[in-house]
Amino acid sequence: MQKELDIKIKDALSQDLQKGVPIFLKDGFNEIESLEEGSIIKLRNPAGKFVGKGYVGKQNKGIGWLLTKNEDEPIDTAFFHKKITAAIKQRADYYGNKDTTAFRVFNGEGDGIGGLTIDYFDEFYLISWYSEGIYSFKEMILEALETSVSFKGIYEKKRFDTKGQYLEDDDFVKGERGEFPLIVKENGQNFAIYLNDGAMVGVFLDQRDVRKKIRDTYSKGKNVLNTFSYTGAFSVFAAAGGATKTTSVDLAKRSLSKTTEQFEVNGIDPEKQDIIVMDVFDYFKYAKRKELAFDVVILDPPSFARSKKYTFSSSKDYTNLLKDAIAITEKNGVIVASTNNATFGMKKFKSFVDKAFNESNRKYTIEEEFSLPSDFSISPLFKEGNYLKVLFVRTK
Ligand code: SAH
């Protein structure tokens, strides 16, 4: 078994950990240089009292994650097995649902191990490692997973700096290799998934409930604009819900073929939809000039984006993005405003909406509010983990 290091931390961090905060923030330590990725550390308050045990894995402001408050609990395969089986048990409804065959099985600190996520894609598992530290437990975690589930194959993504060591096809771990695209289901729609092709697999599972709401309640007979559309997942659901037309706009060239494919695997004719490879900010100008107006406008930008002409930061520029959207949304239309920025909460996000409507001299009501779906479990005292905020805003 791995040696465990005793470390005295500052009082503020020990109090936080006692309350249930799961992350080891760097500034709670007297020094961090000597801490090695993957070490098990037993943290003690300034008086020497044990407050928690975890591992070293650097991620942003964190230097590691809490694993247990029991000083004597060993961090071994049995430990990981216990955490993974508990997470699987909580997702029994997802496993039993034939209409949805892609979901998150293990969500980092929300399931008791920060820095680790496991997603399910129709009998294939995808493990994402967010630090070298958690990656050092790979063998134990794999064994724990393999003995908890039946599967066709396991893939992985190393979401930490691998210093260019990211070899083509090194995403495959074990079992049988998948044939890609793998077609998974979500509330009856299909998605083409690639587990072997870079960090992003084709769909963001955390928007599942939002896609369903768009399809079931907001699309029939509507002209829908989907900005920052990536593979067009929202457009697929809008079209399936009876939208008269969808327009998907994304800067990335690959979005054209990817979006075309997602329509095709759903039996929707891509020729009848618009898929535009363009900077969203240029598209807004174009749409305004042409006096286009949409019934539904979906905004799901990355937290930070830099294109040739524009820099967008959702914490600074979301109000302006909303104003651009308001200008091309019909009266009695709907703006679906989404952000995954963890640095601000719902209250602030609503203040962006309020400001944008006030400055546009328009009125609005908020009709729906979404945060993470239930398979993305969260740790109550780690608010950054609860990053997703989505508002359906009716324009007046
Ligand atoms: N809404 C998508 C996910 C968006 S991911 C979904 O639900 O699946 C963010 C996307 O924004 C990426 O595909 C990226 O190419 C695109 N993007 C970033 N900056 C952009 C810009 N200035 N104009 C258009 N697209 C942009």
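**View 1. Glutamine 207, a buried loop residue.** In this predicted model, glutamine 207 has a relative accessible area of 3%, so it counts as buried. Look for glutamine 207 in the loop that runs between β12 (189-193) and α6 (208-217). What does glutamine 207 touch, once neighbours within four places in sequence are set aside? Its contacts are Phe234, Asp300, Ser338, Leu388 and Val390. Two of these names return in later views: Asp300 is among the residues that come nearest to the ligand, and Phe234 is one of the buried residues of helix α7.

**View 2. The ligand and its polar contacts.** The ligand is surrounded by 16 residues, and Phe228, Asp250, Leu251, Val280 and Asp300 come nearest. Sorted by kind, the shell holds 11 nonpolar residues, 1 polar residue and 4 charged ones. Three polar pairs are worth picking out here. From the side chain of aspartate 250, a polar atom sits 2.7 Å from an oxygen atom of the ligand. With phenylalanine 228 the partner is a backbone N or O atom, found 2.9 Å from a ligand nitrogen. Aspartate 279 also takes part, with a side-chain N or O atom 3.2 Å from a nitrogen atom of the ligand. How much of the ligand does the protein bury? Taken alone, the ligand exposes 580 Å², and the protein buries 90% of that.

**View 3. Helix α7, largely enclosed.** Helix α7 covers residues 233-240, and 7 of its 8 residues are buried, so the rest of the structure largely encloses this helix. Which residues of α7 are the buried ones? They are Ala233, Phe234, Ser235, Val236, Phe237, Ala238 and Ala239. Phe234 is also one of the contacts of glutamine 207 from the opening view. After α7 comes glycine 242, with a positive phi near 100°.

**View 4. Threonine 244, exposed after the helix.** Is threonine 244 buried or exposed? With 57% relative accessibility, threonine 244 counts as exposed. Its place is the loop between α7 and β14 (245-250). Beyond its neighbours within four places in sequence, threonine 244 contacts Gly221, Lys222 and Asn223. For a sense of scale, threonine 244 and aspartate 269 are 25 residues apart along the chain, and their C-alpha atoms are separated by 12 Å.

**View 5. Phenylalanine 172, in strand β10.** Phenylalanine 172 belongs to β10, a strand made of residues 172-175. Its relative accessible area is 18%; since the cut-off for buried is under 20%, phenylalanine 172 counts as buried. Leaving out residues up to four places away in sequence, phenylalanine 172 touches Ile154, Tyr155 and Arg177. If you zoom out to glutamate 369, the C-alpha to C-alpha distance from phenylalanine 172 is 37 Å, with the two positions 197 residues apart in sequence numbering.

**View 6. A cis peptide bond at proline 181.** Most peptide bonds are trans. The bond that joins phenylalanine 180 and proline 181 is cis, with omega about 5°. Proline 181 lies in the loop between β10 and β11 (182-186).

**View 7. Two positive phi values outside glycine.** Most residues other than glycine have a negative phi. Aspartate 122 has a positive phi near 40°. Aspartate 122 sits in the loop between β7 (116-121) and β8 (124-129), and it counts as partly exposed at 25% relative accessibility. Asparagine 332 has a positive phi too, near 60°. Where is asparagine 332 found? It lies in strand β19, residues 329-339, and with 52% relative accessibility it counts as exposed.

**View 8. Two annotated domains.** In an unreviewed entry, UniProt lists residues 7-69 as "domain: RlmI-like PUA". Over that stretch the chain is 14% helix and 43% strand, and the end C-alpha atoms are 15 Å apart. An unreviewed UniProt entry also gives "domain: S-adenosylmethionine-dependent methyltransferase" for residues 171-346. Here the chain is 31% helix and 30% strand, with 35 Å between the end C-alpha atoms.

Key. Residues numbered from 1 in each chain as written. Predicted model: local features only at pLDDT ≥ 70, side-chain atom pairs only at ≥ 80, totals over all residues. Heavy atoms only, no water. Near = heavy atom within 4 Å. Polar contact = N/O pair within 3.5 Å; in protein donor to acceptor, adjacent residues only side chain to side chain. Areas by Shrake-Rupley, 256 points an atom, 1.4 Å probe, with all protein chains shown as cover. Nonpolar A, V, L, I, M, F, W, Y, C, P; charged D, E, K, R; others polar. UniProt positions renumbered as here; feature names shortened; annotations may be inferred. Helix = DSSP H or I, 4+ residues; strand = E, 2+ residues; numbered from the N terminus. Buried < 20%, exposed > 50% of the residue type's maximum accessible area, 1.4 Å probe, protein only. Contact = heavy atoms within 4.5 Å.
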